[in-house]
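Colleague: I've never read one of these models before. Could you walk me through some features, one at a time?

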Amino acid sequence: MRETHLEDGKWWVSPYNFEPEVRGELNLPPKVEIHDATLRDGEQTPGVVFSVDDKIEIATKLDELGVDRIEAGMPAVSVDDQTAIKEISKLGLNSKIFTFARAMKTDIDLALECGADGVVIEVPIGYPKLVTQFGWTWRDVAEKTAPIIKYAKDNGLHALFFPYDTTRARKDDLTNLCNYIMDHTAPDSIGIVDTMGCATPEAIKHMVRWVNDMTGLPIEIHTHNDFGMGVATELAAVTAGAVCVHSCANGLGERTGNAALEELMMGLHLLYGYDTQYKLDKIPELADMIAQKSNIPIARNKPVLGHGNFIRESGIGINYVMNDPLVMFATHPSLTGKVGEVVLGKKSGKASIIYKMGEMGMGELEDDKIAVILDEVKKAGIAKRDVLSNEEFANIVASVKAA
């Protein structure tokens, strides 16, 4: 694990992330794995449908990026899902292949038939779910689940116990459920699931420590982004000892989406200093693939992925965007396969005009003409309510030169 905030030419984050007083308060595990659920939870985004071929392509790209585990789908959903999981399992990927399952023997049989390495065994425990949706008690859940965990383990599957809506469970219900499961058949790991994305980072850290104290099991964290904190709460879980974070590429998922794969990769590698093997420069390839196949475009200001992340309109510091980008950004654009760009509009300055003219091979002009061009650029940017295209800028320069 690295203990430095910068790597020359690649990134420069806050040195306070690595202060002994800060690091000393963290319980970072030696290694953190990423369990990506794009092919299951990501496809639960309303309107998103991945074909068998789509899923094979996405799984191959996830493996290329270095994702540790791929949740390839839920076999019980359809024959197509079964086919996709079987084909992915045959690829010989480095990533472990998991399936999603109910606490039913038939779902475990399907996971085995599909060639999976592990299974996510989902059961409800959030109080609103138990009382209103299912009419169950914690004991109903426990008695249905324990034999299924045993069956999965007996058949060589990694059994992840996944009591969902964990963050809205009553304390006694979760305690009783965990104790019952541990007394009967301990799973290989247990997930804390913030299904509604409604827990704070502090609450998640508390729950990681509490559930780990109760069970002694490796803790996994799965969050949604309803309050915009999906990634923050997962990273908070890591600081309390969670060893696996769950994700979806491009932040896909129901409602506001799941914790974004690309943001977790960057956070673990840059902000917490994990020596990951993730191919960060391949992130845009996966992102573009997901955007195309899901028909959900990437927002211009989306963290890590947005095409506007390394664009500078303001004239202040414009020369550094291309020549020394770590002055202006925490990461070098090339780290994630991007390039810096200078654009012109309302907020431009003289330096922006001079830079853009040089970039476009327009030569040099006297300072008074630069001032006129800048004034015209600002007017055009205000009228357009956007940045100018190169063609629009070229027309302004040509008109000033001809005056």
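Modeller: Sure, and keep in mind that this is a predicted model. Let's start with a ring: F100 is buried, because its relative accessible area is 4% and anything under 20% counts as buried.

Colleague: Is F162 buried or exposed?

Modeller: F162 is buried too, with a relative accessible area of 2%.

Colleague: How many aromatic pairs are there?

Modeller: The count comes to 4 aromatic pairs. One of them joins the two rings we just looked at: the centres of F100 and F162 are 6.0 Å apart and their planes stand at 85°, so this pair is edge-to-face. The step behind that is simple, since planes over 60 degrees apart count as edge-to-face.

Colleague: Which strands do F100 and F162 lie in?

Modeller: F100 is in strand β5 (residues 96-102) and F162 is in strand β7 (residues 158-164), so the pair ties together parts that are 62 residues apart in sequence. Now try W138 and Y180: their ring centres are 6.3 Å apart and the planes meet at 70°, so that pair is edge-to-face as well.

Colleague: And where do W138 and Y180 lie?

Modeller: W138 belongs to helix α6 (residues 138-154) and Y180 to helix α7 (residues 171-184), so the pair ties together parts 42 residues apart in sequence. Both W138 and Y180 are buried.

Colleague: Rings can also have charges over them, I've heard. Which residue lies over the face of F100?

Modeller: That's R40, at 3.6 Å from the ring centre of F100. You can also look at F98, where the charged end of R69 sits over the ring, 4.2 Å from its centre.

Colleague: Let's move on to helices. How do you describe two packed ones?

Modeller: You use the angle between their axes and the distance between the axes. Take helix α13 (residues 350-359) and helix α14 (residues 367-384): their axes come within 9 Å and cross at roughly 100°. α13 and α14 are therefore roughly perpendicular to each other, as angles from 65 to 115 degrees get that label.

Colleague: Which residues of α13 and α14 meet?

Modeller: On the α13 side you have K350, I353, I354 and M357, and they meet D367, I370, A371, I373, L374 and V377 of α14. Sorted by type, the residues in this contact are 8 nonpolar, no polar and 2 charged.

Colleague: What about α13 and helix α15?

Modeller: The axes of α13 and α15 (residues 390-402) come within 12 Å and cross at roughly 105°. That makes α13 roughly perpendicular to α15. Here I353, K356 and M357 of α13 make the contact with N390, F393 and V397 of α15. This time the residues split into 4 nonpolar, 1 polar and 1 charged.

Colleague: Can we try single residues? What does K61 touch?

Modeller: Leaving aside residues up to four places away in sequence, K61 touches E285, L286 and M289. K61 lies in helix α2 (residues 52-65), and at 12% relative accessibility K61 counts as buried.

Colleague: And what does L112 touch?

Modeller: With the same neighbours left out, L112 touches N155 and L157. L112 is in helix α4 (residues 105-113), and its relative accessible area of 29% makes it partly exposed. The C-alpha atoms of L112 and N155 are separated by 8.0 Å, although these residues are 43 residues apart along the chain.

Colleague: Next, backbone angles. What sign does phi usually have?

Modeller: Most residues other than glycine have a negative phi. R255 is not a glycine, yet it has a positive phi of about 55°. You'll find R255 in the loop between β10 (244-247) and α10 (261-271), and at 45% relative accessibility R255 counts as partly exposed. R385 also has a positive phi, near 60°. R385 sits in the loop between α14 and α15 and is exposed, with a relative accessible area of 79%.

Colleague: Let's zoom out. How many helices and strands does the protein chain have?

Modeller: The chain has 15 helices and 12 strands. Its C-alpha atoms fill a box of roughly 85 × 50 × 40 Å along the principal axes. Of the 403 residues, 51% are buried.

Colleague: And how far along the chain do contacts reach?

Modeller: Among contacts between residues at least 6 apart in sequence, 72% join residues at least 24 apart.

Conventions
Residues numbered from 1 in each chain as written. Predicted model: local features only at pLDDT ≥ 70, side-chain atom pairs only at ≥ 80, totals over all residues. Heavy atoms only, no water. Axes fitted to C-alpha atoms, helices over the stretch in contact; angles between N-to-C directions. Helix = DSSP H or I, 4+ residues; strand = E, 2+ residues; numbered from the N terminus. Parallel < 35°, antiparallel > 145°, perpendicular 65-115°, else oblique. Contact = heavy atoms within 4.5 Å. Nonpolar A, V, L, I, M, F, W, Y, C, P; charged D, E, K, R; others polar. Phe/Tyr/Trp six-rings, centres within 6.5 Å; stacked < 30°, edge-to-face > 60°. Buried < 20%, exposed > 50% of the residue type's maximum accessible area, 1.4 Å probe, protein only. Lys NZ or Arg CZ within 6 Å of the ring centre and 35° of its normal.
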